[in-house]
Amino acid sequence: IHAARRNIDLTVLLFNNHIYGMTGGQVSPTTPKGKKASTAPYGNFENTFNISGLAQAAGASFVARSGVYNAVQLENYIVKAIQKKGFSLVEIMSPCPTAYGRRNREGAGVDMIAWQKEHSVPIAKAQQMSAEELEDKLVTGVLIDIERPECRAEYQKLIDRLANQ
């Protein structure tokens, strides 16, 4: 009963390198359309899955995205995410120079990080851009930061209400 009365906050640090690299370089839900993987030798035919968008749609109270090129920004996002009540996610864009980079001829890890930096767009700027302008871009920043009732706290309110009936 004691554990049921505590609020549980969950922070996910998701390293998105566009591939399942540790198990053979298979295509993943975040593999960009047209890019190759061991299980997609002719290119991924599916649309890329938006991890941060899913977290927002699922009701996360904090969602942020940045690339590994910006360690200071990432550190700030991680601190904010841990301090946030409820569910939070920090999507960390990270290159996979071996399984993904080689197969897609994207250069060494340093080249992939440079590409990431050059193609990153802060969310404030992205909100003023068209879909065509954002096509090859990585939108970064705090995507959502709101106060929401934490799931366990809401559940406890229900338990307390029903116990008093």
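In which sense do strand 6 and strand 7 pair, and over how many bridges? The points below answer this and then describe the rest of the model, which is predicted.

1. Pairing of strands 6 and 7. Strand 6 pairs with strand 7, which covers residues 138–145, in the parallel sense, and 3 bridges join them. One partnership can be named: Val121 has Val139, in strand 7, as its bridge partner.

2. Helices on the sheet. Helix 2, made of residues 71–83, packs on the sheet and touches strand 1, strand 4 (62–67), strand 5 (87–93) and strand 7. The direction of helix 2 makes about 165 degrees with that of strand 4. Helix 4, residues 109–119, also packs on the sheet. Its contacts are with strand 4, strand 5, strand 6 and strand 7, and its direction makes about 35 degrees with that of strand 6.

3. The sheet as a whole. The sheet is open and has 5 strands, in the order 1-5-4-7-6, with mixed pairing. At its edges are strand 1 (10–16) and strand 6 (120–122), each of which pairs on one side only. From one strand to the next, the twist averages 20 degrees.

4. Order of elements. The protein contains 6 helices and 7 strands. Read from the N terminus, the elements follow the pattern β-β-β-α-β-α-β-α-α-β-α-β-α.

5. The loop residue Ser94. Ser94 is found in the loop that lies between strand 5 and helix 3 (97–101). Ser94 and Ser66 are separated by 28 residues in sequence, while their C-alpha atoms are 9.0 Å apart in space. Leaving aside residues up to four places away in sequence, Ser94 touches Asn16, Asn17, Val68 and Gln116.

6. A nonpolar surface patch. Tyr155, Leu158, Ile159 and Leu162 form a nonpolar patch of about 350 Å² on the surface. Ile159 belongs to helix 6, which spans residues 151–163. Why is Ile159 classed as partly exposed? The relative accessible area of Ile159 is 34%, and the class applies because this value lies between the limits of 20% for buried and 50% for exposed.

7. Overall dimensions and burial. The C-alpha trace spans about 65 × 35 × 30 Å along its principal axes. Of the 165 residues in the protein, 33% are buried. The protein exposes about 10,400 Å², and carbon and sulfur atoms supply 56% of this area.

8. Contacts across the sequence. Among contacts with a separation of 6 or more, 55% are between residues 24 or more positions apart.

Key
Residues numbered from 1 in each chain as written. Predicted model: local features only at pLDDT ≥ 70, side-chain atom pairs only at ≥ 80, totals over all residues. Heavy atoms only, no water. Pairing = 2+ DSSP bridges. Helix = DSSP H or I, 4+ residues; strand = E, 2+ residues; numbered from the N terminus. Axes fitted to C-alpha atoms, helices over the stretch in contact; angles between N-to-C directions. Contact = heavy atoms within 4.5 Å. Patch = residues over 30% accessible without salt bridge, like charges linked within 9 Å, V, L, I, M, F, W, Y side chains within 5 Å. Areas by Shrake-Rupley, 256 points an atom, 1.4 Å probe, with all protein chains shown as cover. Salt bridge = Lys/Arg side-chain N within 4 Å of Asp/Glu carboxyl O. Buried < 20%, exposed > 50% of the residue type's maximum accessible area, 1.4 Å probe, protein only.
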